[in-house]
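I opened my notebook for a first walk through a chain that is new to me. Come along and keep the model open beside you.

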Amino acid sequence: VSTWSSVPQGPPDAILGVTEAFKRDADPKKMNLGVGAYRDDNGKPYVLEAVKKAEAILLEQNLDKEYAGITGVPDFTKAAAKLAYGDESPVLSNLAITQSISGTGALNIGANFFSTFYPHAKNIYVPNPTWGNHNAIFSRAGLKVEKYGYFDKSTNGLNINAMLEDIKNAPKNSIVLLHACAHNPTGVDPTQEQWNEIAQVVKDQGHFPFFDMAYQGFASGDCTKDAYALRKFVADGHQVVLSQSFAKNMGLYGERAGSFSIVCADADEKSRVESQLKILIRPMYSNPPIHGARLVNTVLNTPELKQLWLDEVKTMAERIISMRTKLRNHLEADFGSKKNWEHVTNQIGMFCYSGMTPEQVDKIKDDWHVYLTRDGRISMAGVSSGNVKYLAEAIHNVTK
Ligand code: PLP
């Protein structure tokens with residue numbers, strides 16, 4: 001009998017399972033609105049021009065493939081930190097930072113660092129709902145995952161009162177996970193004024209803000225605007241940590257380029273913290289992959305490429321925003337839906353939390369060959385000029 005005969009079958013991943021079902025469907029009109037990866041208006045994956053140009057430069061340089069250090073490519077982490085915190089941010093000089101296996105790897109490093117060194121009760125509060133992987137990552141690292149109110153089903157918008165109230169009522173010194181922008185899965189972000197209030201409540205309670213920034217630039221099209229929350233917390237004197245990903249905003253999904261950083265009080269603390277990050281990473285994967293980091297570094301440190309990239313981020317964000325407008329217009333004007341679809345255009349970033357029920361999600365799959373997760377989340381990146389009207393017709397039919 002095999003050693004593994006009692007290993008039980010686990011459930012498929014909620015998001016990747018949608019793609020599997022989509023692939024099995026032979027209908028030509030089928031749509032995959034499950035996975036959160038950008039598509040161009042022809043529904044094709046998009047490699048950014050800035051990235052292609054950076055790749056050509058790297059090829060030209062004929063670099064070797066030696067190991068990076070444990071914390072990665074230093075020019076990459078410097079540039080990444082500037083992009084997130086701001087070129088002139090005073091925290092840059094005492095920032096402990098390491099390259100990571102994209103955003104997921106950054107969250108894992110963070111989770112493990114808190115699990116080992118956080119000097120208070122190890123509770124982390126995450127929004128309800130949040131990206132499914134947050135629960136898995138934090139609980140595997142031994143943190144206790146709790147929820148704070150976030151989404152209001154009656155408005156398909158933010159429930160700011162529940163959010164502030166729950167954060168206020170959490171035990172002092174709790175860790176609070178915040179999506180820096182383009183909240184996944186809801187597409188609902190606090191306004192700048194609301195962020196200011198959140199920063200105050202977090203401070204009053206002595207909580208610790210843990211930022212997850214997977215979509216900088218993708219929400220509004222403007223990387224500075226999308227960094228508002230992070231920079232506001234820093235300006236208010238919060239010691240933050242940050243998980244950063246270049247998967248979406250540079251289209252580097254499979255290259256796994258990201259960073260994890262910790263704002264430290266002084267140079268000595270930074271040195272101690274970085275030494276522990278290295279001790280944590282070394283047995284996990286020794287050192288990170290270099291190619292994605294070199295691409296990001298080349299884009300961010302070559303002025304023409306940086307400008308080109310900023311323009312491309314804006315183009316991607318604007319395409320998604322225009323699909324939101326079209327989807328809503330088709331629903332209201334062409335199909336005469338009497339439901340309120342304001343949230344389709346109010347929400348931001350990659351996803352639209354449509355408000356569809358699990359039964360409606362099943363029906364839109366069976367009757368219309370439209371695939372999305374059962375929480376009703378639509379990846380807007382999968383919508384294009386060619387299929388937005390069809391999608392509106394499908395949604396109208398299953399929700400009327
Ligand atoms: N955090 C959030 C909220 C996300 O939505 C994602 C990706 O979907 C990630 C982190 C991490 O993505 P990656 O590991 O590909 O950078």
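Here are my entries, in the order in which I looked things up.

**Entry 1: what kind of model, and what the record says**

I noted first that this is a predicted model. I then checked the UniProt record, an unreviewed entry, which places the feature "domain: Aminotransferase class I/classII large" at residues 29-395. Over residues 29-395 I found 47% helix and 15% strand. The C-alpha atoms at the two ends of that stretch are 14 Å apart.

**Entry 2: around the ligand**

Which residues are around the ligand? I listed G36, S102, G103, T104, W131, H179, N184, D212, A214, S245, A247 and G258. Sorted by class, this shell has three nonpolar, eight polar and one charged residues. I also asked which helix gives the most to the shell. That is α4, residues 102-117, with three residues.

**Entry 3: cis peptide bonds**

Most peptide bonds are trans, and I went looking for cis ones. I wrote down a cis bond joining N128 and P129, with omega about 5°. P129 sits in the loop that runs between β3 (123-128) and α5 (132-140).

I wrote down another cis bond, which joins N184 and P185 and has an omega of about 15°. Where is P185? I found P185 in the loop between β7 (175-179) and α7 (192-204). Its partner N184 was already in my notes as one of the residues around the ligand.

**Entry 4: positive phi values**

Most residues other than glycine have a negative phi. I found N62 with a positive phi, near 55°. N62 belongs to the loop between α2 (49-61) and α3 (74-85). Is N62 buried or exposed? N62 counts as exposed because it has 6 C-beta neighbours inside 10 Å, and 12 or fewer is the cut-off for that class.

R256 also has a positive phi, near 60°. I traced R256 to the loop between β9 (241-245) and β10 (257-263). R256 is buried, because 21 other C-beta atoms lie within 10 Å and the class starts at 20.

**Entry 5: Y253, in the loop with R256**

I stayed in the loop between β9 and β10, where Y253 is also placed. With 18 other C-beta atoms within 10 Å, Y253 is partly exposed. What does Y253 touch, leaving aside neighbours within four places in sequence? I noted contacts with A37 and A247, and A247 is also on my list for the ligand. I then checked a separation: Y253 and K53 are 200 residues apart along the chain, and their C-alpha atoms are separated by 17 Å.

**Entry 6: two helices side by side**

K53 led me to helix α2, where K53 takes part in a contact with α12. I looked up how α2 and α12 (residues 303-334) pack: the angle is about 150°, and the axes are 8 Å apart. The two helices are therefore roughly antiparallel, since the angle is over 145 degrees. From α2 the contact uses E49, A50, K53 and A54, and from α12 it uses L305, L308, W309 and E312. I sorted these contact residues into five nonpolar, no polar and three charged.

**Entry 7: an enclosed helix**

Why do I call α11 (residues 291-301) largely enclosed by the rest of the structure? Nine of its eleven residues are buried, so the description fits. I wrote them out as G292, A293, R294, L295, V296, N297, T298, V299 and L300. These buried residues pack against α2, α3, β2 (95-101), β10 and α12.

**Entry 8: toward the start of the chain**

I ended with P8, which lies in the segment before α1 (14-24). P8 is exposed, with 4 other C-beta atoms within 10 Å. From P8 to I198, 190 residues along the chain, the C-alpha atoms are separated by 43 Å.

My last stop was K23, in helix α1. K23 counts as exposed, with 11 C-beta neighbours inside 10 Å. K23 and I279 are 256 residues apart in sequence, and I noted 42 Å between them in space, C-alpha to C-alpha.

Terms used:
Residues are numbered from 1 along each chain as its sequence is written. This is a predicted model: local features need pLDDT of at least 70, side-chain atom pairs count only at pLDDT 80 or more; totals for chains, interfaces and linings use all residues. Helices (H or I, at least four residues) and strands (E, at least two) are DSSP runs, numbered from the N terminus. A residue is near a molecule or strand if its C-beta atom, placed from the backbone, lies within 6 Å of it. Ala, Val, Leu, Ile, Met, Phe, Trp, Tyr, Cys and Pro count as nonpolar, Asp, Glu, Lys and Arg as charged, and the others, Gly among them, as polar. Axes are lines fitted to C-alpha atoms, for helices over the stretch in contact, and angles run from 0 to 180 degrees between N-to-C directions. Angles under 35 degrees count as roughly parallel, over 145 as roughly antiparallel, 65 to 115 as roughly perpendicular and the rest as oblique. Two residues are in contact if their C-beta atoms, placed from the backbone, lie within 7 Å. UniProt positions are given in the numbering used here, feature names are shortened, and annotations may be inferred rather than shown by experiment.
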